[in-house]
Amino acid sequence: MPLLEIKNLQIEFGTGRNAARAVDGVSLSLEAGKTLCLVGESGSGKSVTALSIAKLVPSPPARYVGGEILLEGRDVLKMSSRELRAIRGGLVSYVFQEPGVSLNPVFRIGAQIKESLKCHRPAVANDSEVIRLLKLVGIPAPESRLRNYPHEMSGGMQQRVMIAMALASQPKLLVADEPTTALDVTIQAQIIDLLGELRRQLGMAVLLITHNLGIVGDLADDVAVMYAGQIVEHGPVREVLQRPLHPYTQALIQSVPNLRADVERLMAIPGAVPLPGSFPSGCRFHPRCPKAQSSCSTQAPELAFVQSGRRVRCLLWDSPVPTQTISLRA
Ligand code: SF4
């Protein structure tokens, strides 16, 4: 049984004629100890999908209109408030972008981690456990650092503190929502390496949400690409990055800076992700797709299994692929 299984999830905002479906039939699964990266531009529905795992999208305004979210086989959408409180920050922990905003500026970081321990493991809500967690996330001299206020730490160190807080409950699933977005490039790589190392050490599953396909190769086992509320491609990370089948995935890869590629100009995807409630007819990507044909504006493609373990939502998925692929370190 997978640790997390999302089946045909549908989430809407608004009602009646103003109803806008932000997540439309998303199905995903994640095994214990594995990493899944959910990739797409802002507005594609990936963060709403990720937050819904612990039912953190408030309802209203959101309405969970269909589907299931099974955590260890139990449907989150049918849980009571008490059960939801137990899994939030317990079975599932979150790390968000911009740690400087998430941390409370008027409390020392040690006190903030201890608060998290008090909620989930009160028996060890003490300095030595805080120090152990700070060591685990690679913070030097943790004995003195626990007395720091957030503003006394760099952005990278603040994000390590956020990860330590998330680990305080010993979660089985860590959801990292754009954890590197507010950080500079070298620190981004350190945080991705840290998440990979923690996953190996602690055996937890990681769901990484990102708009940057360039960082997923170092961490993910599988990758799912989202566009306009739907999964458009899903499969093992090496295969998706080295042989992307969907034009949107191909365009995302082409838009990642690559120092080894001999290109004069970085590719940009024209236009923007359509807003929920105003998705175009047929394939939702067709107004921006370089391969679109007339049938694409009238015929909505299904998410189809095209090879073992790979799913693609495109009428013309087997047309030629671009030359640039993303390098994989491992
Ligand atoms: Fe592009 Fe058509 Fe495939 Fe949509 S169905 S991604 S428009 S080729």
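**Burial, contacts and backbone angles in a predicted model**

User: What follows α5, and what is the sign of its phi?

Analyst: Helix α5 is followed by G138, whose phi is positive, near 80 degrees. Helices (H or I, at least four residues) and strands (E, at least two) are DSSP runs, numbered from the N terminus. This is a predicted model in which local features need pLDDT of at least 70 and side-chain atom pairs count only at pLDDT 80 or more, while totals for chains, interfaces and linings use all residues. Residues are numbered from 1 along each chain as its sequence is written, and side-chain values use heavy atoms, with hydrogens and water left out.

User: Why is R310 called buried?

Analyst: Buried means under 20% relative accessible area, exposed over 50%, and partly exposed in between (1.4 Å probe, protein chains only). R310 has a relative accessibility of 1%, and therefore counts as buried. R310 belongs to strand β12 (residues 310-312).

User: What makes the approaches of the R310 side chain to E239 and R243 polar contacts?

Analyst: A polar contact is a pair of N or O atoms within 3.5 Å; within protein, one must be able to donate a hydrogen and the other to accept it, and residues adjacent in sequence count only if both atoms are side-chain atoms. The side chain of R310 reaches the backbone oxygen of E239 at 3.4 Å, and a polar atom of that side chain lies 3.0 Å from the backbone oxygen of R243.

User: Why is L266 called partly exposed?

Analyst: The relative accessible area of L266 is 44%, so L266 is partly exposed. L266 lies in the loop between α10 (247-254) and β11 (304-307). Leaving aside neighbours within four places in sequence, L266 is in contact (heavy atoms within 4.5 Å) with Q254, S255, V256 and P257.

User: Why do N8 and A228 fall into the classes partly exposed and buried?

Analyst: N8 has a relative accessible area of 41% and is therefore partly exposed, whereas A228 has 0% and is therefore buried. N8 is placed in strand β1 (residues 4-13), and A228 in the loop between β9 (222-227) and β10 (230-236). Neither is a glycine, yet phi is positive in N8, at about 50 degrees, and in A228, near 50 degrees.

User: What is the omega of the cis peptide bond from S59 to P60, and of that from P60 to P61?

Analyst: Omega is near -5 degrees for the cis bond from S59 to P60 and near 10 degrees for the cis bond from P60 to P61. P60 lies in the loop between α1 (46-52) and β4 (62-71).
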